[in-house]
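The following exercises concern helices, their packing and selected backbone angles. Please work through each task before reading its solution.

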Amino acid sequence: MQKQAEVSAPEAAALNTSEYRPRRIALSYIMDAVNVPQDYADELHGLAANTGRSIVEVGGHVQPWFIDALRPTCSARDVVARSDAVVILGGADVHPGLYELARKRWRDVDLAGVSASADDFEIALVHETLAARKPLLGICRGLQIINVALGGTLLPDIGRPTIHKSELEGDGWADHSVSLAAGSAIESIYGTRQITVRSAHHQAVDALADELVTVATAPDGLIEAAEHPEHPAMLAVQWHPEDLYGDKTHLDALMSWFLRQIP
């Protein structure tokens, strides 16, 4: 038998090292803020975990990297440099000072849950991700942060009752239809012009940032998804595809598309 050539340890380590490095997906949200109830914080953890589950199941050799927007261990620039793609998840209201909401309307914002430093970090994350031309996905608050980061405004409170949130005696979650724009990325993901989504929000996009285009709307006219024509790997949705009681195939289809945007 012919003896195989011996390879030194350093040489072996240098061979195909790229095969061992997973694609790293940064997922940002506010973890365990002292100004929100613990059950709400736990719900955010569950939504984040389900997003990570989907990324691993549909993406294979990937590494979800959860970032605490309230206490990041590195700068937004470093997060983007060390990641292949970025997801901004749901959470508390955005600080009204960031989109110059009239002071008399601040009472409509849940100021008790606002974390201005987390808002600043995630706004920086938006700019750094787009500048690096890496895939960016926003979910619920993520859409709102992206819109504010690019100069858009928010409705501080859409009121009750609405189709977007269950009544006061409910668990906060509601299901409603959404119309998807023809030719949009979101339509290509689901292969239809109409889907039913899981929703739980009281803020929404008001004036959409000039750089963005609306690609999904609710029956009441609220913006449900936006894309960036100059950054085709950016997509943001207002609903919660990652809710544990939602349609798992919806989340997996979204994450599959998102991961395909990584070069």
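A residue is called buried under 20% relative accessible area, exposed over 50%, and partly exposed in between, with a 1.4 Å probe and protein chains only. The model is predicted, so local features need pLDDT of at least 70, side-chain atom pairs count only at pLDDT 80 or more, and totals for chains, interfaces and linings use all residues. Residues are numbered from 1 along each chain as its sequence is written, and side-chain values use heavy atoms, with hydrogens and water left out. Helices (H or I, at least four residues) and strands (E, at least two) are DSSP runs, numbered from the N terminus.

**Exercise 1. Positive phi outside glycine**

Task: Classify Arg-133 as buried or exposed, and state where Arg-133 is found.

Solution. Step 1: Arg-133 lies in the loop between α4 and β4 (136-139). Step 2: its relative accessible area is 52%, so Arg-133 is exposed. Step 3: the phi of Arg-133 is near 55°, which is positive although the residue is not glycine. Most residues other than glycine have a negative phi.

Task: Repeat the classification for Cys-140: buried or exposed?

Solution. Step 1: Cys-140 belongs to the loop between β4 and α5. Step 2: with a relative accessible area of 5%, Cys-140 is buried. Step 3: Cys-140, also a residue other than glycine, has a positive phi near 55°.

**Exercise 2. The span of α4**

Task: Determine what span helix α4 (residues 116-131) should have, and compare it with the distance between its end C-alpha atoms.

Solution. Step 1: the expected span of a helix is 1.5 Å times one less than its number of residues. Step 2: α4 has 16 residues, so the expected span is 22 Å. Step 3: the end C-alpha atoms of α4 are 23 Å apart, which agrees.

**Exercise 3. Packing of α4 and α5**

Task: Describe how α4 and α5 are arranged relative to each other.

Solution. Step 1: two packed helices are described by the angle between their axes and the distance between the axes. Axes are lines fitted to C-alpha atoms, for helices over the stretch in contact, and angles run from 0 to 180 degrees between N-to-C directions. Step 2: the axes of α4 and α5 cross at roughly 75° and come within 9 Å. Step 3: angles under 35 degrees count as roughly parallel, over 145 as roughly antiparallel, 65 to 115 as roughly perpendicular and the rest as oblique; α4 and α5 are therefore roughly perpendicular. Step 4: in the contact (heavy atoms within 4.5 Å), Ala-118, Asp-119, Glu-122, Ile-123, Val-126 and His-127 of α4 meet Arg-141, Ile-145, Ile-146, Val-148 and Ala-149 of α5. Step 5: for burial, nine of the nine residues of α5 (residues 141-149) are buried, while the buried residues of α4 include Phe-121 and Leu-125.

**Exercise 4. Packing of α2 and α7**

Task: State at what angle helix α2 (residues 38-59) and helix α7 (residues 248-260) pack, and name the arrangement.

Solution. Step 1: α2 and α7 pack at about 60°, with their axes 9 Å apart. Step 2: the two helices are therefore oblique to each other. Step 3: the residues making the contact include Asn-50, Arg-53 and Ile-55 of α2, together with Leu-251, Asp-252 and Met-255 of α7.

**Exercise 5. A distance between two sites**

Task: How many residues separate Ser-188 and Gly-151 in sequence, and how far apart are they in space?

Solution. Step 1: Ser-188 is placed in helix α6 (residues 185-190), whereas Gly-151 comes just after α5 and has a positive phi of about 105°. Step 2: they are 37 residues apart in sequence and 27 Å apart in space, C-alpha to C-alpha. Step 3: Ser-188 has a relative accessible area of 53% and is therefore exposed.
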